[in-house]
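Please open the model in your viewer and keep the selection tool to hand. The tour below goes from one selection to the next and says what is to be found at each stop.

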Amino acid sequence: VYLLFSVFTLFATISAFWSRDWRTSLYIALHFWLIFLLILSLRDWHKTWTVAMFGLCAALSIQLIAGFMGYAQQSTAFLDILNMKWPGVLDPSMRGASVVQLTNGLRVLRAYGTMPHPNILGGLVFITLLGPISLFLSNKKSNYPSLILLCLGIILISLTFSRSAWLALVSFAGILILKSKYFERKKLFLLISAIALTIILTLYPLRDLVFTRVSNSATATEQNSILGRLWYTQQAMEMAQKHPLSGGGIGSFVLELSDIAVDGVLVEPVHNIFYLVTAELGIVGLILMIGLFISIALNIFKAKSPQAILASATLTGLGLISLFDHYLWTIAPGRLLLGLALGLWAGQVDHDA
């Protein structure tokens, strides 16, 4: 895993020199090296697990406050006093705000928390759920405050209406069920039951909004989202054909796209890391990425200790997210979240071995 990651990062660094904006690309590549050092540090300090779990709980608590308030008020204006760049002042009537729209015209602002987009909040909350889940399963006595925090986090993920985060949460629970023999059965049953019950009780009252998100809805917002993702995918394939072997250079996708996009079209990366890597790093980068995924998957399959399984389940969820969103690759906080998850996983898997 570490050899593949280092070779992949080295190739990404070299690719910066044929990118049209080599300085920006080089900064991105250097950030990947810092993430690699973070992973190695956490791997060699596996006892940081407990500290990290409390940190994840603290981060989740902050997002719970911001996310619930924003959704309840249907506005992020209350965050303006903090002078943060993101998410800015948004409400359902504003162009560019991420909403769920019903066929009757009702627009509901998705939960943003303090993130630039609800999908990013969904991914962040998903990772932070590792904290209360670990504390609940590892505590000798029943840790009900952790279970309550977990349920609140699941509610917040629901309110982001992030389909990739929903899939990640389902895959997480699936891994725990498949590896159930390594956990205390009573606690695991209570945990899975709490997750399932919270999801049902949260999404059922919002079933009209949920159906809009998971079906081929005729609403303008959903159709634009689907068409936009298809267009980004098409552009990624065309860029890959121009530079099939080495790609256009790390971070080059949006630069190339900005040259051909018409005025008024939102320029953003393709929402699939494999397509994005193929466009930016070519076939060489794609092969290295697939090899890295397979290597991690094999180690996930062999995980036996509860902490290694929990970290593996989190990585599985992030793998699913990477198929539908790009922020784990394209923005620094997303890469940092991925590095944190990989580092915690590496520490537990190596200790497990």
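What volume does the largest cavity have? In this predicted model, the largest cavity has a volume of about 50 Å³, and the count of cavities of 30 Å³ or more comes to three. To see its walls, select V1, Y2, F5, F36, I39, L342, W345 and A346, which line the largest cavity. Colouring this selection by class gives eight nonpolar residues, with no polar and no charged ones. If you colour by element instead, helix 1, helix 2 and helix 15 are the elements that give two or more residues to this lining, and helix 15 supplies the largest share, three residues.

Next, keep two of those elements in view and select helix 1 (2-15) together with helix 2 (22-43). Their axes lie 9 Å apart, and the two helices pack at an angle of about 165 degrees. Because angles over 145 degrees count as roughly antiparallel, helix 1 and helix 2 are roughly antiparallel to each other. The crossing of this pair is left-handed. On the side of helix 1, the contact is made by Y2, F5, S6, T9, L10, A12 and T13, and on the side of helix 2 by L26, A29, F32, W33, F36, I39, L40 and R43. By class, the contact of helix 1 with helix 2 has 11 nonpolar, three polar and one charged residues.

Now turn to an open space, the second largest pocket, which holds about 430 Å³. Which residues should be selected to find the centre of the second largest pocket? Of the 22 residues in its lining, F293, I296, G319, L338 and L342 lie nearest the centre. L342 is also one of the residues that line the largest cavity. The elements that each supply at least two residues to the pocket lining are helix 1, helix 2, helix 12 (273-302), helix 13 (306-322), helix 14 (327-330) and helix 15 (332-352). Helix 12 gives the most, with seven residues. Coloured by class, the lining of the second largest pocket shows 18 nonpolar, three polar and one charged residues.

For the next stop, select helix 3 (residues 49-73) and helix 5, which pack at an angle of about 130 degrees with their axes 7 Å apart. That angle makes helix 3 oblique to helix 5, and the crossing of the two is left-handed. To display the contact, show W49, M53, F54, L56, C57 and L60 of helix 3 against L130, G131, P132, S134 and L135 of helix 5. These residues divide into nine nonpolar, two polar and no charged.

Finally, keep helix 5 (residues 130-138) selected and add helix 8 (residues 185-203), whose axis comes within 9 Å of that of helix 5 and crosses it at roughly 150 degrees. Helix 5 is therefore roughly antiparallel to helix 8. How is the crossing of helix 5 with helix 8 handed, left or right? Helix 5 passes helix 8 in a right-handed crossing, whereas the crossing of helix 3 and helix 5 is left-handed. Here I133, F136 and L137 of helix 5 meet K187, L188, L190 and L191 of helix 8. By class, this contact has six nonpolar residues, no polar ones and one charged residue.

Methods: Residues numbered from 1 in each chain as written. Predicted model: local features only at pLDDT ≥ 70, side-chain atom pairs only at ≥ 80, totals over all residues. Heavy atoms only, no water. Axes fitted to C-alpha atoms, helices over the stretch in contact; angles between N-to-C directions. Helix = DSSP H or I, 4+ residues; strand = E, 2+ residues; numbered from the N terminus. Parallel < 35°, antiparallel > 145°, perpendicular 65-115°, else oblique. Left-handed = near helix turned anticlockwise from the far one by under 90°. Contact = heavy atoms within 4.5 Å. Nonpolar A, V, L, I, M, F, W, Y, C, P; charged D, E, K, R; others polar. 1 Å grid on protein atoms, 1.4 Å probe; cavity = no way out; pocket = protein on both sides within 12 Å on 5 of 7 lines; lining within 4 Å. Points joined across faces, edges and corners; volume = space filled by probe spheres on them.
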